[in-house]
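Subject: Structure handover and findings

Dear colleague,

Please find below the structure that I am handing over to you. My findings follow it, arranged by topic for ease of reference.

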Amino acid sequence: MNPCSCLNLWAAPLCDTPLNATVNIPGSKSLSNRYLILAALAKKPVILQGLLRSRDTELMIDALKVFGVTCESLNVEGTVVRVEPPESGIFNVQKGSVVNCGLAGTVMRFVSALALFADGPVRFDGDEQAYARPMKPVLDGLEQLGATVTYHGTVGFLPYTITPPKHEISEDNLKKIVRIDSSASSQFISALLLIGSRISGGLYLEHTGATLPSMPHIRMTMDDIRKAAGTVRMCEPSSWSVSEAHLVLPNVVVVEPDLSNAAPFLGAALIAGGTVRVPNWPKNTTQPGGLLPNLLEQMGAVVNFEEDSANNESGVLSVTGNGSIRAISSLDLSAAGEIAPSIAAILAFAEGASELHGIAHLRGHETNRLAALVAELKRVGIGAEELDDGIRIEPSKHIYGEVMETYADHRMATFAAMLGLRIKNIRVKNIVTTRKTIPDFPGMWHKMLA
């Protein structure tokens, strides 16, 4: 890391030669935290290999410990973890315990759902920025299942206390249909699907909103439930059925690399030119980042996949650019909104104006990402406009270095680093926010450029 003197800023390195780098991407945050939840709900211990160790996963592990789940690291790096659920299946929470959600959406939403099976009230809190992240849909769903939610601030937001039902959730007292509006985040659906197998009689879940963002993340959740011997199916485009079942993950579960976290590194090949390779890229995946190769090709990259001779389920993905980037007049990113900041950084140097659509829900992420992207693009002289469901980007030849805000948002920090590949004197505030999902982003970035 290269902090500027006295201001604690990170100087984003400029790249004036074509890249030729291989970047090993840590495990997927989305998969890591889903497997941790399923392991906590399962009937026997499981070993998770390749687990991401970042702020979000540390918060998840600490939250599970509050619920009496044992998480034991089996290697120095902590990427191999043995997870052992409570033998009784009931989560024993000590009186007065508080779950610190930080700014992690998967922790505040998924662990809140676990509270349905606790032996007493559980209080949830988090970072100040987390108080602006919507929570009401998943909490409404828990109330429909018999829980009581007591808000300690604004209704629908952290902090709050969840008191589980005094009675067992059975077929007699279960409301057969749980209805919530998940327009603001697919995580509300995923949170309830993950616990559905533990509910007597199962769960029928219906989304009542007009739009549903990030369907790949819901499909990921469904796939992970099936890996744990659960039964879940999509009944209609906006409803799901989960059967009652004893969840059992395989003895060892291997976590894929985080493909969305590969976006800044692969995107660097288009911005700076040259080639960036990512090993262990899965041939088939439920991760939204799996859409990256096709998106990068649309912007002019040459993409190749070379299968691993020792493992026919993955291989090396290579992306090559020549510094010329093709504009996209209208790009629907509703299925992969989390990579929108990286796509925006690439298109900031395109040969014409581009528009990103289908990402209105990004206004409710770690920060209002649409407003943040527009503000930071304009800060360096690049034209940008917020649209109803996305942003418009108009590249400019009159660009200049500035101090970039990150809004405590890891993807805004990596976005700023990408701009710094072509714009001199970009300095980034709070680069350590990248630890949310990448333990050492600055080190990885410098190594790629070296």
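The paragraphs below set out what was found in the structure.

Please note at the outset that this is a predicted model.

**Nonpolar cores**

The largest nonpolar core comprises 79 residues, and the members with the most contacts inside it are Phe67, Val99, Phe124, Leu193 and Ile195. Helix 1 is the element that gives the most to this core, contributing 8 residues. A second core, separate from that one, has 74 residues, and Leu19, Phe265, Ala348 and Ile393 are among them.

Leucine 193 merits a closer look. Setting aside residues up to four places away in sequence, leucine 193 touches Leu205, Ile218, Thr221, Met222, Ile225, Val232, Trp240 and Val242.

**Arginine 34 and helix 1**

Helix 1 covers residues 29–41, and arginine 34 is found in it. Is arginine 34 buried or exposed? Its relative accessibility is 1%, and because the cut-off for burial is 20%, arginine 34 counts as buried. Apart from neighbours within four places in sequence, the contacts of arginine 34 are Phe110, Ser190, Leu194, His217, Met220, Thr221 and Asp224. Thr221 is thus a contact of arginine 34 and is also touched by leucine 193. Arginine 133, which is 99 residues from arginine 34 along the chain, has its C-alpha atom 20 Å from that of arginine 34.

**Helix 3**

Phe110, one of the contacts of arginine 34, is one of the buried residues of helix 3. Helix 3 spans residues 105–114, and 10 of its 10 residues are buried, so this helix is largely enclosed by the rest of the structure. The buried residues are Gly105, Thr106, Val107, Met108, Arg109, Phe110, Val111, Ser112, Ala113 and Leu114.

**Helices 7 and 12**

How do the axes of helix 7 and helix 12 cross, and at roughly what angle? The axes of helix 7 (residues 263–272) and helix 12 (residues 441–449) come within 11 Å, with a crossing angle of roughly 25°. Helix 7 is therefore roughly parallel to helix 12, since angles under 35 degrees count as such. The crossing of helix 7 and helix 12 is right-handed. On the side of helix 7, Pro264, Phe265 and Ala268 take part in the meeting, while helix 12 supplies Phe441, Met444, Trp445 and Met448. Phe265 also appears in the second core.

**Two loop residues with distant contacts in sequence**

Serine 54 is located in the loop that runs between strand 3 (46–49) and helix 2 (55–66). With a relative accessibility of 4%, serine 54 counts as buried. Not counting residues up to four places away in sequence, serine 54 touches Arg435, Lys436, Thr437 and Ile438.

Proline 257 occupies the loop between strand 14 (252–254) and helix 7. Proline 257 is likewise buried, at a relative accessible area of 12%. Beyond its neighbours within four places in sequence, proline 257 is in contact with Ile25, Pro26, Gly27, Ser28, Pro279, Asn280 and Gln287. Proline 279 is 22 residues from proline 257 along the chain, and their C-alpha atoms are separated by 8.9 Å.

**Cysteines**

How many disulfides does the structure hold? The number is 0. Cysteine 71 is in no disulfide, and the nearest cysteine sulfur, belonging to cysteine 101, is 16 Å away. Such a pair would have to lie within 2.5 Å to count as a disulfide. Cysteine 71 is buried at 13% relative accessibility, and cysteine 15 is buried at a relative accessible area of 14%.

**Backbone geometry**

Three places in the backbone should be noted when you prepare the model.

- Leucine 158 and proline 159 are joined by a cis peptide bond, with omega about -5°. Proline 159 is in the loop between strand 8 (148–151) and strand 9 (160–163).
- Alanine 229 has a positive phi of about 70° although it is not a glycine. Alanine 229 sits in the loop between helix 6 (215–227) and strand 12 (232–236), and at 45% relative accessibility it is partly exposed.
- Tyrosine 407, also a residue other than glycine, has a positive phi near 60°. Tyrosine 407 lies in the loop between strand 22 (403–404) and helix 11 (410–419), and is partly exposed with a relative accessible area of 29%.

Yours sincerely

How values were computed: Residues numbered from 1 in each chain as written. Predicted model: local features only at pLDDT ≥ 70, side-chain atom pairs only at ≥ 80, totals over all residues. Heavy atoms only, no water. Helix = DSSP H or I, 4+ residues; strand = E, 2+ residues; numbered from the N terminus. Buried < 20%, exposed > 50% of the residue type's maximum accessible area, 1.4 Å probe, protein only. Contact = heavy atoms within 4.5 Å. Core = buried A, V, L, I, M, F, W, Y, C linked by side-chain atoms within 4.5 Å. Axes fitted to C-alpha atoms, helices over the stretch in contact; angles between N-to-C directions. Parallel < 35°, antiparallel > 145°, perpendicular 65-115°, else oblique. Left-handed = near helix turned anticlockwise from the far one by under 90°.
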